[in-house]
Every structure is written in structure tokens, then in C-alpha cells.
Amino acid sequence: MAKPNRYPDNWREIANSVKESALWHCAKCNQQCLRSGTSSDLTKSERLKLTLTVHHRNRIPEDNRLENLIALCRACHLSYHNRGQSNISPGQLSLFPDDAMNWETYELLLD
Ligand SMILES: [Zn+2]
Ligand SMILES: [Zn+2]
């Protein structure tokens, strides 16, 4: 699977450290999310709900300064990208290629 080219090689490392420093809580709704690599009996859709993603505040994926990055659960992340628009389903997230969400979500679905 190809990673979007705009992300640095160590994006996973960067994203993981953002999530670690957020203690795997969403910055918006404070939901406790699943640590990546945690095995569980949850279904994929349940796990997706508990997936923490990393959002670029300025929507520029090359800008990986920690102050530009924020840990958000999937629902909150979607709502950030969904402002002013109606009913965008998770399958339409490729509408936002400027951000890490697709990549992170896709990765989770593969395991
Ligand atoms: Zn949230
Ligand atoms: Zn985002």
C-alpha cells in the first residue's frame, strides 16, 4: 500500500508521539481511544470508533511541528473536516487528501 507522498517517512512515529502525549485521549471530546497495536475483541467498527487520529491544524501535512498537530478521535476528526458540509460518510474521506485521517483509518482496517 502506498503512503501519501506528502507525509514524512517517520510520520507514524510523529503521529504516535502526539497520541502518546495526549495519553490516547481525544483533544475535543476527551474520549479514551485504543492504543495502536492493542488487541481486543471489538469488531472493526467498534475499533474505528475508538481510533485516535492526528489532525494538522493548518491542513498542511508537511508541517509536523508539534503545535500544528492535535490528537482527535475519528468522529471529532471527521467533524473538523465536515464543517459546513452535510453528511460526509467515512468512505468519502478521500475528499480530504491533505490530512492523515485516511491513512490512519486505512491502516487500522488492514490488520
Ligand atoms: Zn473526540
Ligand atoms: Zn484532519
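This passage describes the fold, the nonpolar core and selected local features of a predicted model.

The protein contains 4 helices and 2 strands, and these elements succeed one another along the sequence in the order α-α-β-β-α-α. Of its 111 residues, 20% count as buried. When contacts in the protein between residues at least 6 apart in sequence are considered, 60% of them join residues at least 24 apart.

The two strands are paired with each other. Strand β1, spanning residues 52-56, runs antiparallel to β2 and is joined to it by 5 bridges. One of the pairings links H55 to I70, its bridge partner in β2. Strand β2 comprises residues 69-73, and because 4 of these 5 residues are buried, the strand is largely enclosed by the rest of the structure.

Within strand β2 lies C73. This cysteine has 24 C-beta neighbours inside 10 Å and therefore counts as buried, the threshold for that class being 20 or more. When neighbours within four places in sequence are set aside, the contacts of C73 are C26, C29, Q31, C33 and L52. For C26, the separation from C73 is 47 residues in sequence, whereas the C-alpha to C-alpha distance between the two is 5.1 Å.

Both C73 and C26 also belong to the largest nonpolar core, which consists of 10 residues: A15, V18, C26, C33, L52, V54, L69, A71, L72 and C73. Helix α1 (residues 11-21) and strands β1 and β2 each supply at least two residues of this core. Strand β2 provides the largest share, with 4 residues. In soluble globular proteins, nonpolar side chains tend to be buried together.

Two of the core members, A15 and V18, recur in the description of helix α1, whose buried residues are A15, V18 and K19. Viewed down the helix axis, the buried residues of α1 fall within an arc of 95°, so they line one face of the helix. On the other side of α1, the residues E13, E20 and S21 are exposed.

The region after α1 shows two backbone features of note. Helix α1 is followed by L23, which has a positive phi near 55°, although L23 is not a glycine. This leucine is found in the loop between α1 and α2, the latter spanning residues 44-49. L23 has 11 other C-beta atoms within 10 Å and is therefore exposed, since that class covers residues with 12 or fewer. In the loop between α1 and α2, W24 is also found. The phi of W24 is near 60°, again a positive value in a residue other than glycine. With 18 C-beta neighbours inside 10 Å, W24 counts as partly exposed, a class that lies between the exposed and buried limits.

In summary, the antiparallel strands β1 and β2 and helix α1 each contribute at least two residues to the largest nonpolar core. The buried residue C73 is a member of that core, and C26 is among the residues in contact with C73.

Conventions. Residues numbered from 1 in each chain as written. Chains lettered and ligands numbered in written order. Predicted model: local features only at pLDDT ≥ 70, side-chain atom pairs only at ≥ 80, totals over all residues. Pairing = 2+ DSSP bridges. Contact = placed C-beta atoms within 7 Å. Core = buried A, V, L, I, M, F, W, Y, C linked by C-beta atoms within 7 Å. Arc of directions from axis to C-beta.
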